[in-house]
Structures are given as structure tokens and as C-alpha cells.
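Trainee: Could we go through the side-chain contacts in this one together? I'd like to hear the reasoning behind each answer.

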Amino acid sequence: MRRVLLAGIGLMFAAPAMASGGISCSVDDGKARLELNGATSRGMGGAFFSFGAELTLADPQINADLRKIAFERAHLAQNWHDEKELKLRLYREREGDKPHGYVELLIETELSEEGIFKGRYVAEVYDMTDAKDSMAKTVKIEGAVECMAE
């Protein structure tokens, strides 16, 4: 009886480890460099319990504080991951007292082969370069992205 109880307790602690997976995406195409890593639960909802990404955009038109930006789990606005697709939308606003600006990154991929998702990314930068100016400067950069999911 004691062995059965201990085995049951062991399975309870092992279950979360088996019910999780990792996701990583990367881009390095001369227009953008992206390193993204996350750990997610499997099953309905697929919530991320760990997430981080760093995006560097090469376009010199973009102000430096929006050209290189780090995303955390709080910046993961939307996500979808099943056996056929992986989609992520990240959003982060400029910090500090500068005029309003943000970076939005969309990743849309489909399963290419076991564990590898291929598709596209779109990074859009919105920058109110001057608080008095009613027009914002918008830059859109897109390209191919590859993600791995286990």
C-alpha cells in the first residue's frame, strides 16, 4: 500500500513536466534579428509560464529605443499553438516620457515537418516622433521566420 501511495505521489509531480513543452523562434535576415523562447503547457489553453524575446530591427529610420526591444510574458498579447499552427502577437509600448510609440510583432507559422513551423513575421513600429505632431511615423518590416516546438 505504501508503494502504491508513493508511486501515485510521484506521478502527480511528474505530470506537469510531461504536460509542458518549449517554443523557440529565430530570424536573422538583415532586416531583423529575433530570438524568442518560451515554455508552455500543453492541452487546452496552452498558457505560457515562461517567455522572453529580443527583437532588433536594422532600419535606421526607427528610433533607437524602438529598434531594439525586449518582450516578456506580459507583452504576449495573443497566442495560438496546436499541431498545425503557431501564431504569436507581441506588443510593447515605449517606456519613459517620450511621445507615444510601440512595436507590434506578429508571427504566423504552419507545421512544415515534425516540430518545425515555418511562416512569416511582420514587425510594425509606430512612433509619434513629436508630441505636437499629429502624424505618426510607421515602419513595417516583414520576412520569413522558423519556429521549433516540442
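Trainee: How many aromatic pairs are there by the ring-centre rule?

Mentor: Keep in mind that this is a predicted model. Rings pair if their centres lie within 6.5 Å. By this rule the count is 3.

Trainee: Take Phe48 and Phe51: what kind of aromatic pair do they form?

Mentor: Both rings sit in buried residues, Phe48 at 9% relative accessibility and Phe51 at 10%. Their centres are 5.5 Å apart, with 85 degrees between the planes. Planes over 60 degrees apart count as edge-to-face, so the Phe48 and Phe51 pair is edge-to-face.

Trainee: And Tyr91 with Tyr102, what kind of pair is that?

Mentor: Tyr91 belongs to strand β6 and Tyr102 to strand β7, so their pairing ties together parts 11 residues apart in sequence. Centre to centre they are 5.0 Å apart, and the planes make 40 degrees. Stacked needs under 30 degrees and edge-to-face over 60, so this pair is tilted.

Trainee: Which of those two is buried, Tyr91 or Tyr102?

Mentor: The cut-off for buried is under 20% relative accessible area. Tyr91 has 29%, so Tyr91 is partly exposed. At 14%, the buried one is Tyr102.

Trainee: Which residue joins Tyr91 and Tyr102 in a cluster of ring pairs?

Mentor: We've just seen Tyr91 and Tyr102 as a tilted pair. Ring pairs link these two into a cluster with Tyr126.

Trainee: On to charges: how many salt bridges does the structure hold?

Mentor: Side chains of opposite charge can pair when their charged atoms come close. Here, the cut-off is a nitrogen-to-oxygen distance within 4 Å. The salt bridges in the structure number 11.

Trainee: Arg94 bridges to Asp65, so how many residues apart in sequence are the parts they tie together?

Mentor: The closest N and O atoms of Arg94 and Asp65 are 2.6 Å apart. Arg94 lies in the loop between β6 and β7, while Asp65 is in helix α2, so the parts tied together are separated in sequence by 29 residues.

Trainee: Arg94 also forms a salt bridge with Asp127; is Asp127 buried or exposed?

Mentor: For this bridge, the closest N and O atoms are 2.8 Å apart. The partners are 33 residues apart, with Asp127 in strand β8. Asp127 has just 2% relative accessibility, so it counts as buried.

Trainee: Which strand holds Glu142, the partner of Arg120?

Mentor: Arg120 and Glu142 have their closest N and O atoms 3.6 Å apart. Arg120 lies in strand β8, and the pair ties together parts 22 residues apart, with Glu142 in strand β9.

Technical notes. Residues numbered from 1 in each chain as written. Predicted model: local features only at pLDDT ≥ 70, side-chain atom pairs only at ≥ 80, totals over all residues. Heavy atoms only, no water. Salt bridge = Lys/Arg side-chain N within 4 Å of Asp/Glu carboxyl O. Helix = DSSP H or I, 4+ residues; strand = E, 2+ residues; numbered from the N terminus. Buried < 20%, exposed > 50% of the residue type's maximum accessible area, 1.4 Å probe, protein only. Phe/Tyr/Trp six-rings, centres within 6.5 Å; stacked < 30°, edge-to-face > 60°.
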